Amino acid sequence: SLAEKGNYRHFMAKEIHEQPEVIARTLGHYIDVGAGSIRDDTIPVDFSEVSRLSITACGTAYYAGLVARHWFERLARLPVDLDVASEFRYRAQIHPADELPLFISQSGETADTLASLRACKAAGQRLATIVNVPTSTMAREANVVLPTLAGPEIGVASTKAFTCQLATLAALAVKAGVDRGVLTRDNARGFVDGLVEAPRAVADVLHLEAEIERIARIIAPASTALFMGRGPSMAVALEGALKLKELSYIHAEGFAAGELKHGPIALVDDTVPVIVVAPFDDLFTKTVSNMEEIAARGGRIIAVTDARGAHAIGTTAEEMIVLPDAPAFIAPLVMTIPLQLLAYYAAIINGTDVDQPRNLAKSVTVE
Ligand code: G6P
């Protein structure tokens with residue numbers, strides 16, 4: 001049946017652990033693994049005819065869009081507008097003819113996202129949606145439906161739907177790069193090969209669960225936690241903060257690491273855990289400088305990094321969650337997993353209702 005927890009205590013735990021399998025299933029839909037290329041038939045969009053992408057979503061789905069903006073800009077030189085649906089729907093409606101609106105939603109029923117989709121449709125735009133529920137209203141009303149194959153998600157806080165949204169968006173960005181002549185077939189193959197490693201990399205992270213549970217004990221007693229990163233890792237940090245506040249009711253703020261000195265640093269003292277998302281990418285040394293600023297003020301740094309990053313961070317962090325090295329392209333997928341587990345275990349320690357946090361709904365179908 002749909003709603004079986006199996007051997008897990010919570011749906012959320014089950015859904016976190018399903019990620020290697022459902023990411024692989026989603027990638028298999030969009031990628032021809034043998035050929036190392038995108039399956040054009042499953043993405044009926046010609047990006048050579050698109051000069052702007054407009055992404056609209058709510059909550060966790062919005063953060064998937066925030067990650068993907070970097071991918072579309074880098075791989076396809078495609079400008080991306082991005083907004084939360086509750087803002088988009090009330091902004092001046094412009095709808096350029098060469099723009100592709102893209103709506104991301106697990107449920108396909110979120111009221112603000114649906115209203116935004118309908119506004120674009122009424123303006124005559126051809127639009128696409130990434131949805132997890134294939135029978136949903138958004139799937140019915142969109143011109144192009146890109147399914148995430150995460151299966152039913154029961155936990156109110158989204159986990160596997162998010163990483164499947166990222167997998168879908170990554171495949172879409174590679175297709176856009178090829179269509180727009182930015183990526184050669186060989187370049188595209190490199191990115192596809194990286195993506196194909198994601199399920200295995202995520203499975204490797206799940207093996208660190210006991211260690212992450214131990215580190216969650218530092219976060220659980222805190223009244224505020226900070227999450228920061230740069231580039232795609234900023235979006236991952238925002239998602240990590242959202243998960244922690246939703247599940248454990250600890251106040252959490254995610255921000256761009258470069259904004260540290262424009263506000264968040266005022267909150268830093270020796271009671272505040274600062275979770276830093278720091279893959280060893282081209283922005284790594286900048287993020288390490290921000291870590292040093294926090295360490296100098298007594299902040300308790302928990303660095304989420306990879307083997308190469310761990311070497312460079314050294315003793316600046318109080319704790320490190322060291323993930324196996326993975327291609328930089330898939331870092332957002334991989335680095336999300338420990339943040340899900342930190343939030344899950346902080347909530348367990350604090351005794352909150354993991355699958356049904358207070359005041360939250362799985363799908364917000366009224367404004
Ligand atoms: C609610 C859920 C979140 C979800 C958001 C958007 O707030 O609790 O987990 O990210 O709605 O939902 P959607 O179904 O549109 O992705």
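Strand β8 (residues 224-229) pairs with β9 in the parallel sense, over 6 bridges. The model in which this pairing appears is a predicted one. Within the pair, Thr-224 has His-251 of β9 as its bridge partner. The connection between the two strands involves a helix: β8, α11 and β9 make a right-handed β-α-β unit. Helix α11 lies across β8, β9 and β10 (273-278), and runs at about 175° to β9.

These strands belong to an open sheet of 5 strands, in the order β9-β8-β10-β11-β12, with parallel pairing. Its edge strands are β9 and β12 (319-323), each of which pairs on one side only. On average, neighbouring strands of the sheet are turned by 15° against each other, direction ignored. In general, strands of a sheet pair through backbone hydrogen bonds, in a parallel or an antiparallel arrangement.

Towards the β12 edge, strand β11 (residues 300-306) pairs with β12 in the parallel sense over 5 bridges. Here Ile-302 stands opposite Glu-319 in β12. A further helix, α12 (residues 284-295), lies across β8, β10 and β11, and its direction is at about 170° to β10. Both β8 and β10 are thus crossed by α11 and by α12.

The loop between α11 (232-248) and β9 (251-256) holds Tyr-249. Phi of Tyr-249 is near 65°, a positive value in a residue other than glycine. Most residues other than glycine have a negative phi. Tyr-249 counts as partly exposed because it has 16 C-beta neighbours inside 10 Å, a number between the limits of 12 or fewer for exposed and 20 or more for buried. A second residue with a positive phi that is not glycine is Asn-359, at near 70°. Asn-359 is found in the segment after α14 (331-350). With 6 C-beta neighbours inside 10 Å, Asn-359 counts as exposed.

Helix α5 can be checked against its expected length. Its 12 residues, 111-122, should span 16 Å at 1.5 Å a residue, and the end C-alpha atoms are 16 Å apart, so the two values agree. Which residues of α5 are buried? They are Asp-112, Thr-113, Leu-114, Ser-116, Leu-117 and Cys-120. An α-helix has 3.6 residues a turn, so residues three or four places apart point the same way. The cover over the buried residues of α5 includes the strands β3 (52-57), β5 (99-105) and β6 (128-131), together with the helices α4 (85-88) and α6 (137-141). After α5 comes Gly-124, with a positive phi near 90°.

For the chain as a whole, the secondary structure comes to 14 helices and 12 strands. The radius of gyration is 20 Å, close to the 21 Å that the globule rule gives for 367 residues, so the chain is as compact as a globular protein of that length. Taken along the principal axes, the C-alpha atoms fill a box of roughly 55 × 45 × 45 Å. Of the 367 residues, 52% count as buried. Among contacts with a separation of 6 or more, 75% are between residues 24 or more positions apart.

Definitions and conventions:
Residues are numbered from 1 along each chain as its sequence is written. This is a predicted model: local features need pLDDT of at least 70, side-chain atom pairs count only at pLDDT 80 or more; totals for chains, interfaces and linings use all residues. Helices (H or I, at least four residues) and strands (E, at least two) are DSSP runs, numbered from the N terminus. The expected span of a helix is 1.5 Å times one less than its number of residues. Two residues are in contact if their C-beta atoms, placed from the backbone, lie within 7 Å. The radius of gyration is taken over C-alpha atoms; the globule rule is 2.2 Å times the number of residues to the power 0.38. Two strands pair if DSSP finds at least two bridges between them. A crossover is right-handed if, with the strands pointing away from the viewer, the path from the first strand over the helix to the second runs clockwise. Axes are lines fitted to C-alpha atoms, for helices over the stretch in contact, and angles run from 0 to 180 degrees between N-to-C directions.
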